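Trainee: Could you take a close look at the side-chain contacts here with me, starting from the charged pairs? I would like one connected walk through them.

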Amino acid sequence: MPKQMPSEIVLNGRFLLQDVTGVQRVQREVLAALDEMAAAGDIPTPIVLLPAQGNIVAEPVLKSIKFTRTGRFSGHLWEQIELPKLCKGKTLLCLGNTAPVVSLLSKTTRVVTMVHDLSYKYFPTAYSWKFKAFYSTLIPLVLRKSDAVVTVSLAEKKAMSRHYPFLAGLSGFHGLQNGGLPDAVATAFLSDGVPDKEQRGHGIYVGSLSKRKNADSVLRAAVTFLQTYPDMKFVVIGAGSSVFESLSVDVPEDIKDRLEMWGQINDPLKIYDAFKHARFLVFPSFYEASPLPPIEAMTLGCAVVSSSIPSLQERCGDAAVYCDPDDLSSITAAVDRLMTEPDLWENLSQAGRVQAAKYSWKSQTEALLNICEDVA
């Protein structure tokens with residue numbers, strides 16, 4: 001359990017008004033873990049503030065925590081102008097990369113910020129000049145002035161320290177791995193067992209359809225897979241279903257009905273069900289910090305094909321088949337192994353469940369609360 005939590009901790013809840021992609025998923029899982037702890041009486045109930053303007057996306061069902069909606073603005077304006085007034089003298093927990101400058105410079109407000117990654121620096125062409133200008137100004141200030149900074153893996157902690165060497169010597173700079181499937185959800189989904197290999201009729205990809213995620217190779221590998229295995233389907237879950245046009249992927253007419261583009265899905269239960277019935281996850285990303293899909297897939301017995309980048313090796317351990325994300329033939333060869341080597345699939349399905357059990361949102365949240373107590 002965490003040490004004594006500061007009685008007045010404020011969670012920046014702006015993420016509740018945003019589509020649920022990776023960063024928002026992490027924030028929602030931490031929120032759910034805080035709610036469970038508060039409902040059990042283990043911690044005081046945190047304050048969750050969010051703008052009055054805008055609709056909550058896929059509103060979470062909580063036992064103890066209530067949302068406080070306030071202010072006239074939304075988005076970054078609300079965060080930078082109105083949020084600081086509401087958390088003076090308290091500990092502000094910001095889990096979405098940014099934090100209000102006024103609070104960062106305050107002598108009374110303590111700020112703990114989770115900076116998931118520096119992808120705007122690693123992949124500058126993937127972002128607009130306005131976004132890069134804003135983040136290039138704000139993020140260095142966040143890293144320097146937060147009372148503590150948390151990122152989501154040791155690999156990302158090293159990468160951030162290379163870009164900002166001053167971080168390497170900071171005792172308040174932490175690497176905390178994300179969790180996986182929440183325990184209660186995993187129990188519910190596994191109550192009737194795990195489907196065997198032959199009951200799993202599709203491959204799957206979950207993530208944004210972006211260059212840094214290697215979406216082009218995902219779709220090209222999917223086309224090859226569908227041409228090779230006519231009884232299988234391939235499901236793509238992620239924003240940007242117009243990716244065919246942007247990436248110029250040629251999808252033959254005879255397989256289009258087996259390549260299912262589901263688009264953005266904000267309900268994680270639908271994604272978990274897709275994992276439970278998938279034979280494998282293809283995840284050949286060029287860059288990740290601490291991704292959720294591989295661990296969620298492993299929990300539900302779905303084998304994983306992963307790129308061999310350091311952060312994914314840290315997260316997946318020996319429970320994945322690794323591929324070279326720059327080599328399409330390496331990706332398709334890894335998929336072929338899972339399709340044609342039954343023992344390999346069985347071993348990875350079992351090893352994946354063991355690996356996934358190492359990750360817990362509760363553990364990450366407890367560590368966050370201990371950091372909040374230290375800075376308070």
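Mentor: Happily; we will go from salt bridges to aromatic rings and then to helix packing. This is a predicted model, in which local features need pLDDT of at least 70 and side-chain atom pairs count only at pLDDT 80 or more, while totals for chains, interfaces and linings use all residues. Residues are numbered from 1 along each chain as its sequence is written, and side-chain values use heavy atoms, with hydrogens and water left out.

Let us begin with charge. A salt bridge here is a side-chain nitrogen of Lys or Arg within 4 Å of a carboxyl oxygen of Asp or Glu, and the structure holds 13 of them. One of them joins Lys276 to Asp192, with N to O at 2.5 Å. Lys276 belongs to helix H10 (residues 268-276) and Asp192 to the loop between helix H7 (183-190) and strand E8 (202-206), so this pair ties together parts 84 residues apart in sequence. Helices (H or I, at least four residues) and strands (E, at least two) are DSSP runs, numbered from the N terminus. For burial, under 20% relative accessible area is buried, over 50% exposed, and in between partly exposed (1.4 Å probe, protein chains only). Lys276 is buried at 7%, whereas Asp192 is exposed at 60%.

Arg279 and Glu198 form another salt bridge, with their closest N and O atoms 3.8 Å apart. Arg279 sits in strand E11 (residues 278-283) and Glu198 in the loop between H7 and E8, so the pair ties together parts 81 residues apart in sequence. Arg279 is buried at 6%, while Glu198 is exposed at 60%. Lys256 and Glu253 also meet in a salt bridge, at 3.3 Å from N to O; here Lys256 is partly exposed at 43% and Glu253 is exposed at 63%. In addition, Arg25, Glu29 and Glu296 are joined into one network by salt bridges that share partners.

Now for the rings. Rings of Phe, Tyr and Trp (its six-membered ring) pair if their centres lie within 6.5 Å; planes under 30 degrees apart count as stacked, over 60 as edge-to-face and the rest as tilted. By this rule there are 13 aromatic pairs. Tyr122 and Tyr287 have ring centres 4.8 Å apart and planes at 65 degrees, so they are edge-to-face. This pair links distant parts of the chain, 165 residues apart: Tyr122 is in helix H4, and Tyr287 is in the loop between E11 and helix H11 (293-299). Tyr287 is buried at 10%. Tyr127 and Phe131, by contrast, are stacked, because their planes lie at 15 degrees with centres 4.9 Å apart. Both belong to one aromatic cluster with Tyr120, Phe134 and Tyr135. Tyr127 is partly exposed at 23%, and Phe131 is partly exposed at 30%.

Finally, helix packing. The axes of H13 (residues 328-340) and H14 (residues 342-356) come within 5 Å and cross at roughly 95 degrees. Axes are lines fitted to C-alpha atoms, for helices over the stretch in contact, and angles run from 0 to 180 degrees between N-to-C directions. H13 is therefore roughly perpendicular to H14, a label for angles of 65 to 115 degrees; under 35 is roughly parallel, over 145 roughly antiparallel and the rest oblique. Arg337, Leu338 and Thr340 of H13 meet Pro342, Leu344, Trp345 and Leu348 of H14, where contact means heavy atoms within 4.5 Å.
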